[in-house]
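Me: I would like to go through this structure term by term, asking for each label what definition stands behind it. Please set each value against its cut-off before you conclude.

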Amino acid sequence: MDLWGIFDGHAGSAASKFSAKEFGQVLKGILEGGSNPLDAIGKSFKEVNERYRKYLESGEVSSLEKHCGTTGLAILVDRNGKKMYCGNVGDTRAVLNRGGKAVRLSFD
């Protein structure tokens, strides 16, 4: 499977950089645990959010990083099964061009 992700930071880039770094490995672990791809995307957003919260509580971050956040979008493509799974948090959106027509893939 192939993964594409977008994390759009708000009030700084710390949360988006953290999420981009963590998301793929979290998703991989959840998929290996037997979750279906769509559920795995949702669980991964929640797990990365929890990890970021713990990171903020660790005291290893600057005061500026404590006030930033991120939206996120993940698209998982199963080329063998010819399926695409999309999930998002916040207002980051995905639109597919199918035959010159816009097809909305995500909803906020």
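Reply: A starting point is Asp2, which lies in strand S1, where helices (H or I, at least four residues) and strands (E, at least two) are DSSP runs, numbered from the N terminus. This is a predicted model, in which local features need pLDDT of at least 70 and side-chain atom pairs count only at pLDDT 80 or more, while totals for chains, interfaces and linings use all residues. Residues are numbered from 1 along each chain as its sequence is written, and side-chain values use heavy atoms, with hydrogens and water left out.

Me: Why is Asp2 called partly exposed?

Reply: Buried means under 20% relative accessible area, exposed over 50%, and partly exposed in between, with a 1.4 Å probe and protein chains only. Asp2 has a relative accessible area of 27%, and therefore counts as partly exposed.

Me: Which residues does Asp2 touch, not counting those up to four places away in sequence?

Reply: With contact meaning heavy atoms within 4.5 Å, Asp2 touches Ile75, Leu76, Val77 and Arg79. The C-alpha atoms of Asp2 and Ala14, by contrast, are separated by 25 Å, with the two residues 12 apart along the chain.

Me: What makes Ala11 exposed?

Reply: Its relative accessibility is 65%, so Ala11 counts as exposed. Ala11 is found in the loop between strand S1 (2-10) and H1, and its phi is near 60°, a positive value in a residue other than glycine.

Me: Why does Lys82 count as exposed?

Reply: Lys82 has a relative accessible area of 75%, and so it is exposed. Lys82 lies in the loop between S2 and strand S3 (83-89), and has a positive phi of about 55° although it is not a glycine.

Me: How do you know that S4 and S5 are paired?

Reply: Two strands pair if DSSP finds at least two bridges between them. Strand S4 (residues 95-98) and strand S5 (residues 101-104) are joined by 4 bridges and run antiparallel, so the definition is met. Arg98 stands opposite Lys101 in S5, and the two strands form a hairpin with 2 residues between them, where Gly99 in the turn has a positive phi of about 60°.

Me: What makes a region a pocket, and what volume does the largest pocket have?

Reply: On a 1 Å grid over the protein atoms alone, a pocket is an open set of points where a 1.4 Å probe fits, with protein on both sides within 12 Å along at least five of seven lines, and lining residues have an atom within 4 Å of a point. The largest pocket has a volume of about 180 Å³, a volume being the space filled by probe spheres set on the points, which are joined across faces, edges and corners. Among the 14 residues that line this pocket, the closest to its centre are Ser19, Phe45, Val48, Asn49 and Thr70. The elements that give two or more residues to the lining are helix H1 (14-32), helix H2 (37-57) and strand S2 (69-78).

Me: How many helices and strands does the chain have, and in what order do they run?

Reply: The secondary structure comes to 2 helices and 5 strands, and from the N terminus on the elements run β-α-α-β-β-β-β.
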